Every structure is written in structure tokens, then in C-alpha cells.
Amino acid sequence: MPTNTRILPAEWAPQSGVMLTWPHGHGDWAPHLARVTPTFVAIAREVAKREKLLVTCYDESHRAEVQRQLTEGEVAMEQVRLAVAPSNDTWARDHGPITVLEAGQPRLLDFVFNGWGRKHASALDNRLTGRLHDAGVFDEVPLERFDLVLEGGSIDSDGEGTLLTTRRCLLSPERNPQYDCVGLELMFARLFGTRRVLWLDHGELSGDDTDAHVDTLARFCDARTIAHVTCDDPTDPHYEPLARMAEELAGFRDQDGEPYRLVPLPLPAPQYDEEGQRLPATHANFLIIDGAVLVPTYDDPTDALALERLAAAFPDREVVSIDCRSLILQYGSLHCVTMQLPVGVI
């Protein structure tokens, strides 16, 4: 199949909806449900103001409970579609489908999810997209399954044939040891219509167990603009790797051979869990939806500056803050728990 028949849309492309996998008591969220559920409700409420919302529930009893939570949270229920499929966890970015457009029509790609390199239980999550498709949740949109291990949070697309990613994640020996960079680039060209890949060698966040997903570090705001996390404290262990990442980004060129416009996002002050583990708070884990950008905040002085800079990067969208201190308790944030579904999917 010619590589130019497909495109991996940018996140700012028109959407039909957003997918959430709702937290439940059968996994790691069990001790934190009272705290994290309101965060999911807040995300659902903002999405449903603008587009459809697909919510995956663990079982029928959970479905009834989620419907109650959404209704009480004043979510526009006419915009919500509840589905049932058991899950290990809530990270829809990584176990949900990645959508490509072929001749303008959507196709769902279902990759292997192995718990970020066999770190966590993942058998239910790995089957979730297939189960939803078999149940008719995605209507007539075709689904293609692949043996490649790939998480949505590990790649970012400009919608024009460029992917941004990190070597540390995609070349992890617990994901696809049979591939090197060249092999993965050939695979991406076939599956996504990608013409080039921008590989980051530096950048990581303490507490992140994804092996440096790019959506925690650097993101396309448009095809010529990249927002990225920065640290201005030389005593912080993030200072040097993030500075080196900024140098790499400054050396990249866009499709026209020009330097990218770079939007620095300040790293929040250290936040820790009860065991003293530093948590991966990052403003780069924002979600772009129709008419808005949902930005994770952490009750930190850096929130205001991050919101201001992202508002300038997205002048045609409303920038909405969502308190995500609960989400980082399980080492992810707002983008990690969502997956956008382009027009035509639901």
C-alpha cells in the first residue's frame, strides 16, 4: 500500500469524540477512587460541552454507577455513550485505538499494549479496543490489529507526515527488540503515512514509568510549534536532561526547513506520594479537543504561566484548566487518560 494513502491526523484535527476508561475498584485506583473520580467527571464535563464522549465501564454494575456519577456531575448525558469492557487500568491513551485516515475515511489501528514494557498487568487493557469494536461501539469503522507494541502516548503527530517520539521508549527492549529506528520508521511509513520521525534522545520525568512517553515532555501545538517542559532549577535532577532536550528541539526543522517555534512550559515544583516517590507533574500532558485545550494543573505557581503560554499557542481555542493532582498519584495525567477519536469514528 503506498505510504501516501494514509495520514495520522494531528490532535487538533476535527474530532467526533474522546474516549475515557473509567476508574474502578478492580485495579490500582481502588484506594484513590474518591479522589480521582471527580477529576474524570471534570474531564468528561468539558469534553461533553464540545463533542461526544465514549466511556468504557468495567461491567454492568459499574456502568450504572458511572452514569450516576456523570449525571450528578452535570455532564451533558446526551453527548455520552457508555460501553462495557473490563480493564486493568484507565490509561486510554495507551490501550485505546490509534485512528488513521485513508482517503479521508477513518481506520482504527489496534496495537499490542504490554503494560509499558511488562511493568504492569495489561491483559484486559490489551483486549479492550477489540472488545469495543466487536460490540459495535465504533459502528462500521474497520479495525486493523498489529503485533507491534505501541502506546499512543509515545508518539505525537503534526498531521503532515512528521512524528515526534523518544528513543528511550520506542527502543525499549521490553517492547519491540526486533526493531531499530530504521525498522520502526519503515513501519510508521506504512501504517501512518509518516515521512519522517523526530527522535528525542534526552528528557525524562521522575515517577514516569512509561520510559519517557513524549506526551509528558514535548507536544506539537501546530505543524510549526512545539511546547516542551523546562526546568530552571540547577539543583533539580530534571534540569540537565530537559536542557538537553530543549537543545535537541532547537536543532529540529519543520517541513519547510525552518526552526520550530518553541513554547517552554515550566516544570511544577516537586510533588510526592505517601511513600516519598516524586510524581510526574507536567503541563505538556494537555488534550486538544474541538474548540478547547484541556490543560492539567497541580495547584502550583507554574500553572498560571503554563496556561498563559498555551493560550498564546492556541489562540483559536479556549484553554481550560483541570486539577490533575489525583491523576499523578498513578504516574500519569490528563492526556494519558484520554484518546481523541477523529471525525467519523463515533
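**Close-up 1. Glu240 and Arg244 on helix α8.** In this predicted model, Glu240 is partly exposed, with 46% relative accessible area. Its partner here is Arg244, and the two side chains meet in a salt bridge at 2.8 Å, N to O. Both residues sit in helix α8, four residues apart, so about one turn of the helix lies between them. Arg244 comes out as partly exposed too, at 39% relative accessibility.

**Close-up 2. A salt-bridge network of four residues.** Here we look at Arg6, Glu102, Arg107 and Glu144, which are joined into one network by salt bridges that share partners. For the wider picture, the structure holds 28 salt bridges.

**Close-up 3. Arg81 and Asp139 pair up.** The two side chains form a salt bridge, 3.8 Å from N to O. This one ties together distant parts of the chain: Arg81 belongs to strand β4 (residues 80–84), while Asp139 is in the loop between α5 (123–134) and β7 (143–149), 58 residues apart. Arg81 has 34% relative accessibility, which makes it partly exposed. Asp139 is also classed as partly exposed, at 44%.

**Close-up 4. Arg224 and Asp254, a loop-to-loop salt bridge**. The closest N and O atoms of Arg224 and Asp254 are 3.6 Å apart in this salt bridge. Again, distant parts of the chain are linked: Arg224 lies in the loop between β11 (218–222) and β12 (225–230), and Asp254 in the loop between α8 (239–251) and β13 (261–266), 30 residues apart. Is Asp254 buried or exposed? Its relative accessibility is just 6%, and because the cut-off for buried is under 20%, Asp254 counts as buried. Arg224, at 28%, counts as partly exposed.

Notes. Residues are numbered from 1 along each chain as its sequence is written. This is a predicted model: local features need pLDDT of at least 70, side-chain atom pairs count only at pLDDT 80 or more; totals for chains, interfaces and linings use all residues. Side-chain values use heavy atoms; hydrogens and water are left out. Helices (H or I, at least four residues) and strands (E, at least two) are DSSP runs, numbered from the N terminus. Buried means under 20% relative accessible area, exposed over 50%, partly exposed in between (1.4 Å probe, protein chains only).
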